[in-house]
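Biologist: Could you take a close look at one helix pairing for me and walk me through how the two pieces meet?

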Amino acid sequence: MTIDRNDILNSILESISKIDYIKPGDIPNIPLYMDQVTTFMDAQLSSSRRYESDKILTKTMINNYAKNDLLPPPTKKKYNREHLLLLVFIYYFKSLLTITDIQALLQPITEKYFQGNEELKLEDIYSEVFELEKEQIEVLKEDITKRYQISREIFSQAPEEDQEFLKNFSFICLLSFDAYVKKQIIEKMIDQMKGE
């Protein structure tokens with residue numbers, strides 16, 4: 001069975017086009033109990049699961065985030081809109097950063113803007129950041145397409161039965177190197193923030 005080489009790329013590009021975020025207007029205006037939070041997050045972020053059985057957030061995760069000062073404690077066992085916004089940030093950061101790095105990154109935000117009386121609110125920060133990320137989708141799609149095409153142009157001298165695997169391997173390596181470099185930059189910036 002031969003798989004069309006472009007099917008892989010088209011599938012990747014299609015999944016990138018579907019990337020969405022929880023809009024502030026979708027977050028309930030009333031505080032939620034833990035079970036309601038996990039149900040809400042599972043429903044809103046279900047498209048980001050790799051496998052159907054993957055958990056977006058569990059009670060244990062949320063309790064650990066609160067214990068590690070990533071998330072302010074709930075009020076009377078209820079989580080407000082700002083808690084949910086922070087949980088979305090944590091959800092995306094946790095696949096890339098350590099708990100310590102996430103704590104260093106979110107602590108200044110939480111201290112200044114969580115239920116703060118500042119003109120700039122946590123919801124404003126969330127909206128601005130995710131709007132920026134939404135604008136990057138086309139740029140990402142172009143970059144991934146370019147990397148995919150580069151990976152298609154190598155290993156033409158390899159045995160024919162190995163070429164497809166080697167081309168896919170090189171594509172994964174290109175994407176991994178990009179992620180590795182960006183992770184290094186993020187870690188250096190967090191270390192600098194800790195020093196300040």
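Modeller: Sure, let's start with the side chains: Val37, Phe40 and Met41 in H2 meet Leu84, Leu87 and Val88 in H4, where contact means heavy atoms within 4.5 Å. Sorted by class, that contact has six nonpolar, no polar and no charged residues (Ala, Val, Leu, Ile, Met, Phe, Trp, Tyr, Cys and Pro count as nonpolar, Asp, Glu, Lys and Arg as charged, and the others, Gly among them, as polar). Keep in mind that this is a predicted model, where local features need pLDDT of at least 70, side-chain atom pairs count only at pLDDT 80 or more, and totals for chains, interfaces and linings use all residues. Residues are numbered from 1 along each chain as its sequence is written, and side-chain values use heavy atoms, with hydrogens and water left out.

Now the geometry. H2 covers residues 34-44 and H4 residues 81-93; helices here are DSSP runs (H or I, at least four residues), numbered from the N terminus. Their axes come within 12 Å and cross at roughly 50 degrees. Those axes are lines fitted to C-alpha atoms over the stretch in contact, with angles running from 0 to 180 degrees between N-to-C directions. H2 and H4 are therefore oblique to each other (under 35 degrees counts as roughly parallel, over 145 as roughly antiparallel, 65 to 115 as roughly perpendicular, and the rest as oblique). The crossing is right-handed, meaning the near helix is turned clockwise from the far one by less than a right angle.

One last stop is Lys55, in the loop between H2 and helix H3 (59-67). Lys55 sits 14 residues from Met41 in sequence and 9.7 Å away in space, C-alpha to C-alpha.

Key:
Helices (H or I, at least four residues) and strands (E, at least two) are DSSP runs, numbered from the N terminus.
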